[in-house]
Amino acid sequence: MTTTQQDCRALDAQDPLRALRDLFDVPANTIYLDGNSLGAMPRSAPARVAEVVTTEWGRDLIRSWNSAGWFEMPRKVGDLIARLIGAEPGTTIATDSTSVNLFKALSAALRISAETKPGRWRIVSERSNFPTDLYIAEALCKDKGWELVLVEPHEIAEALKDEKLAILMLTHVNYRTGAMHDMAAVTQAAHEAGVLVVWDLAHSAGAVPVDLTGADADFAVGCGYKYLNGGPGAPAFVWVNPKHADRCWQPLAGWWGHDKPFAFTPDYQPAAGIVRYQCGTQPMISLAALECGVQSVLAAEPLGGMAALRRKSLALTDLFIALVEERCAGHGLSLVTPREHTRRGSQVCLSKTEGAYAIVQALIARGVIGDYRAGDGAGHPDILRFGFTPLYVGFEDVWNAVEHLCQVLETGEWQGAAFQRQHAVT
Ligand SMILES: *Cc1c(COP(=O)(O)O)cnc(C)c1O
């Protein structure tokens with residue numbers, strides 16, 4: 001049965017999470033389907049950032065390291081993020097970028113594997129993993145004389161049989177396809193094979209329920225500016241299973257990871273636990289914005305938390321898929337994202353052999369903001385990517401977005417010259 005715009009309005013009216021939309025400043029006439037790339041701005045962020053700048057920095061100056069709790073900020077925000085990823089307090093820290101955190105986590109995993117399972121020197125990841133993850137792993141392998149092996153998702157089970165395999169490095173929800181791994185099952189299979197697992201939660205934290213403790217994962221990193229709404233270039237986070245946290249140094253052993261940074265000793269003494277995963281002085285203005293972003297997700301806790309957000313996210317993506325298939329049929333769009341709920345993240349990707357980039361540009365000109373990811377010439381096609389952040393995307397937004405997509409395709413509007421011009425950031 002066809003879902004009408006009226007039905008979508010009714011769904012919004014009944015949505016128990018609807019009020020959360022008011023926590024954000026999404027501009028009028030904008031349907032924002034790119035929160036998987038840069039989350040929308042929480043309304044609380046401008047005043048909070050202004051307070052950090054004018055009062056904490058401007059007036060209180062260096063005293064704020066103590067009086068405003070600056071020194072503890074990475075741990076405090078880490079503990080807030082922990083509530084979204086099934087982590088215990090004191091195991092997660094908000095710091096650095098995802099890439100840098102991955103370097104630290106992967107290096108520590110290499111070291112632990114070398115000590116506990118000597119003779120293993122391979123890392124396996126997915127060929128369609130986010131490139132920075134692969135680049136970091138490749139650089140580490142070059143440096144250590146290890147080997148990075150790239151496989152397709154269905155080849156992971158086979159790859160675990162390799163007795164030289166030390167580490168499985170996976171992104172929980174694929175940035176390109178929106179496909180989600182079964183974290184508990186994959187982690188268990190890896191452990192049975194003597195392999196440590198490093199998870200990237202860039203498209204999971206704040207988007208889908210995650211239980212790092214329940215899965216007994218080894219290491220995890222994730223992004224602050226996507227579903228955590230922390231602002232452009234927000235600090236990322238790193239989580240280490242408490243059983244590993246004190247076992248080794250991480251390689252970027254800066255003074256903020258020292259047990260007593262203000263003792264200024266010439267030798268390094270790592271702090272206990274996750275604090276040693278900090279490197280240098282942390283960005284307070286950015287951390288303040290990230291805290292606002294994480295709080296905007298935690299605002300769902302009294303309304304059912306991540307489980308409620310997940311229910312709405314699946315309803316939004318189901319609706320988007322159904323409407324696209326019903327109303328945009330015959331235009332050469334194919335669904336890349338898995339239909340099965342257990343395998344789908346919070347985004348929907350459509351492939352198209354011709355014009356994917358230009359269609360996204362034409363949609364953006366109409367105020368429907370999604371993004372485009374280029375094919376890699378190795379079996380992964382050009383895609384139109386739409387992220388659904390249930391905090392601020394509604395059912396009527398989905399209906400309108402599909403209406404715009406149909407019009408862009410039917411009128412051939414996307415073939416206009418202006419939409420072919422490639423920007424530096426897609
Ligand atoms: C977005 C994303 C990153 C981003 O890394 P930065 O260091 O923050 O630029 C890394 N990995 C994955 C899987 C991502 O989706």
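Arg327 lies over the face of Trp399, 4.4 Å from the ring centre, in what is a predicted model. A second charge of this kind belongs to Lys226, whose charged end sits over the ring of Phe130 at 5.2 Å from the ring centre.

**Lys226 and its surroundings**

Lys226 is found in the loop between β7 (219-222) and β8 (236-240), and with a relative accessible area of 8% this lysine is buried, since the value falls under 20%. The UniProt record, an unreviewed entry, carries the annotation "modified residue: N6-(pyridoxal phosphate)lysine" at Lys226. When neighbours within four places in sequence are left aside, Lys226 is in contact with Gly35, Asn36, Ser37 and Gly39, and also with Ala202 and His203.

**Aromatic pairs**

The structure holds 14 aromatic pairs. One of them joins Phe130 to Tyr175, and because the ring planes stand at 80 degrees, with the centres 5.0 Å apart, the pair is edge-to-face. This pair links distant parts of the chain, 45 residues apart: Phe130 belongs to the loop between β3 (122-126) and α6 (131-144), while Tyr175 belongs to the loop between β5 (165-171) and α8 (183-192). Trp255 and Phe262 also form an edge-to-face pair, with ring centres 5.2 Å apart and planes at 65 degrees. Both Trp255 and Phe262 are members of one aromatic cluster, which further includes Trp65, Trp70, Phe71, Trp256 and Phe264.

The relative accessibility of the residues in these two pairs is set out below.

| Residue | Relative accessibility | Class |
|---|---|---|
| Phe130 | 33% | partly exposed |
| Tyr175 | 7% | buried |
| Trp255 | 36% | partly exposed |
| Phe262 | 53% | exposed |

Phe130 thus takes part in two of the arrangements described here, as the ring beneath the charged end of Lys226 and as the edge-to-face partner of Tyr175.

**An antiparallel sheet and a helix across it**

Four strands form an open sheet in the order β9-β10-β13-β12, with antiparallel pairing. The edges are held by β9 (334-335) and β12 (371-373), and because each has a single partner strand, one side of each is left without a neighbour in the sheet. Strand β10 (residues 347-351) and strand β13 (residues 383-387) run antiparallel and are joined by 5 bridges; Val348 has Phe386, in β13, as its bridge partner. Helix α13 (residues 356-365) lies across β12 and β13, and runs at about 40 degrees to β13.

Terms used
Residues are numbered from 1 along each chain as its sequence is written. This is a predicted model: local features need pLDDT of at least 70, side-chain atom pairs count only at pLDDT 80 or more; totals for chains, interfaces and linings use all residues. Side-chain values use heavy atoms; hydrogens and water are left out. Rings of Phe, Tyr and Trp (its six-membered ring) pair if their centres lie within 6.5 Å; planes under 30 degrees apart count as stacked, over 60 as edge-to-face and the rest as tilted. Helices (H or I, at least four residues) and strands (E, at least two) are DSSP runs, numbered from the N terminus. Buried means under 20% relative accessible area, exposed over 50%, partly exposed in between (1.4 Å probe, protein chains only). A charge sits over a ring if NZ of Lys or CZ of Arg is within 6 Å of the ring centre and within 35 degrees of the ring normal. UniProt positions are given in the numbering used here, feature names are shortened, and annotations may be inferred rather than shown by experiment. Contact means heavy atoms within 4.5 Å. Two strands pair if DSSP finds at least two bridges between them. Axes are lines fitted to C-alpha atoms, for helices over the stretch in contact, and angles run from 0 to 180 degrees between N-to-C directions.
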